[in-house]
Amino acid sequence: MSGARRVVLWRHGQTQWNLEKRFQGGTDIPLTETGMAEAKAAAARLATLQPAVIVASDLVRATATADALVEATGRSCAYDPRLRERFGGSWEGLTQAEIRDAYPAAWEQWQPADGEHEAEVGERVAAAIGDVVADLPAGELAVVVSHGGAIRAGIGRVLGLQQPLWRCFGPLSNCAWSVLGESAAGWRLLEHNAGTLPEPALSDDR
């Protein structure tokens, strides 16, 4: 599709709570030294795509990741709190094992009683992506820096999938990304959990 736009949804680099498998949510956790190195390495690759727009969650792990791309491209970055990770309520700071032991029923549904519902996350992230796309010229690419759960929910909502299907998308690794692209039929997922630059797909599909 000539002039199709693309959106790269880039997860932040490693944090200490990632290593400890703690639910981060809205808690503002910085990158580790490894996370900073991951961001710089990934930014060097993403910079070759010449993004026209960079937008990030305002949580420090996302802003620090975005800073690496700002440095690599010379572009400025806008910050949008709608791109934050899902608020986890009383789960925040707990390990997965601690959540499972303390809240077994909620664990099965992956829904903290005092936390944000995944559908709400999908709505706000998709709205933020929609605003980015609204100002993105034809044929250009935007990089949106966010969080694993938020990105999954946003993708599901943008693609118009029913919420139970959102978990068909596997998790994103630290500093990996997914790519949404325009087609004649609307937005579709071109790549997921990628860490290398996209290459043209050779197939009978359009």
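Me: What makes helix α3 roughly antiparallel to β2?

Reply: Start with the angle. In this predicted model, helix α3 (residues 60–73) runs at about 165° to β2. Angles over 145 degrees count as roughly antiparallel, so that is the label for α3 and β2. By the way, α3 lies across β1 (6–11), β2, β3 and β4 (141–146).

Me: Those strands belong to a sheet, then. How do you know which strands stand at the edges?

Reply: Look at the order, which is β3-β2-β4-β1-β5-β6 in an open sheet of six strands. β3 (78–79) and β6 (186–194) each have a single partner strand, so one side of each is left without a neighbour in the sheet.

Me: What makes β2 and β3 a pair?

Reply: Count the bridges. Two strands pair if there are at least two bridges between them, and two bridges join β2 (residues 53–56) to β3, so they qualify. These two strands run parallel. Valine 55 has alanine 78 in β3 as its bridge partner.

Me: And why is the pairing in the sheet called mixed?

Reply: Go through the pairs around β1. β1 and β4 run parallel, joined by six bridges, whereas β1 and β5 pair in the antiparallel sense over five bridges. Both senses turn up, and the pairing is mixed. Valine 8 shows both sides: valine 143 in β4 stands opposite valine 8, and so does valine 179 in β5.

Me: What stands opposite valine 143 from the β2 side?

Reply: That's isoleucine 54. β2 and β4 pair in the parallel sense, over four bridges.

Me: Why is β4 called largely enclosed?

Reply: Six of the six residues of β4 are buried, so the rest of the structure largely encloses this strand. Leu141, Val143 and Val145 point one way, Ala142, Val144 and Ser146 point the other way, and all are buried. As for β1, five of its six residues are buried, and that strand is mostly covered.

Me: What makes helix α7 mostly covered?

Reply: Nine of its 11 residues are buried. Among them are Gly148, Gly149, Ile151 and Ile155. The elements covering the buried residues of α7 include β1, α6, β4, β5 and β6.

Me: How do you know that α6 and α7 are roughly perpendicular to each other?

Reply: Check the crossing angle. The axes of α6 (residues 118–134) and α7 (residues 148–158) cross at roughly 75°. The roughly perpendicular range is 65 to 115 degrees, so α6 and α7 fall inside it. Their axes also come within 7 Å.

Me: Which residues make that contact, and how do they split by class?

Reply: On the α6 side you'll find Glu118, Val121, Gly122, Glu123, Val125, Ala126 and Ile129. On the α7 side there are Ala150, Arg152, Ala153, Gly154, Arg157 and Val158. By class, that gives seven nonpolar, two polar and four charged residues.

Me: Next, the backbone. What makes the phi of tryptophan 110 worth a look?

Reply: Its phi is near 50°, a positive value in a residue other than glycine. Most residues other than glycine have a negative phi. Tryptophan 110 has its place in the loop between α5 (104–109) and α6.

Me: Why is tryptophan 110 called partly exposed?

Reply: Its relative accessible area is 22%. Buried means under 20% and exposed means over 50%, so tryptophan 110 lands in between and is partly exposed.

Me: What about asparagine 193: which label fits its accessible area?

Reply: Partly exposed again, at 32% relative accessible area. Asparagine 193 is found in strand β6 and has a positive phi of about 55°, although it is not a glycine. There's a glycine with a positive phi as well: glycine 160, just after α7, at about 75°.

Me: Last one. How do you know that serine 183 is buried?

Reply: Serine 183 has a relative accessible area of 15%. The limit for buried is under 20%, so serine 183 is buried. This serine is found in strand β5 (residues 177–183).

Me: And what makes serine 183 and glycine 186 a polar contact?

Reply: Distance is the value to check. A polar atom of the serine 183 side chain lies 2.7 Å from the backbone oxygen of glycine 186. The cut-off is within 3.5 Å, and 2.7 Å meets that distance.

Notes. Residues numbered from 1 in each chain as written. Predicted model: local features only at pLDDT ≥ 70, side-chain atom pairs only at ≥ 80, totals over all residues. Heavy atoms only, no water. Contact = heavy atoms within 4.5 Å. Axes fitted to C-alpha atoms, helices over the stretch in contact; angles between N-to-C directions. Nonpolar A, V, L, I, M, F, W, Y, C, P; charged D, E, K, R; others polar. Buried < 20%, exposed > 50% of the residue type's maximum accessible area, 1.4 Å probe, protein only. Polar contact = N/O pair within 3.5 Å; in protein donor to acceptor, adjacent residues only side chain to side chain.
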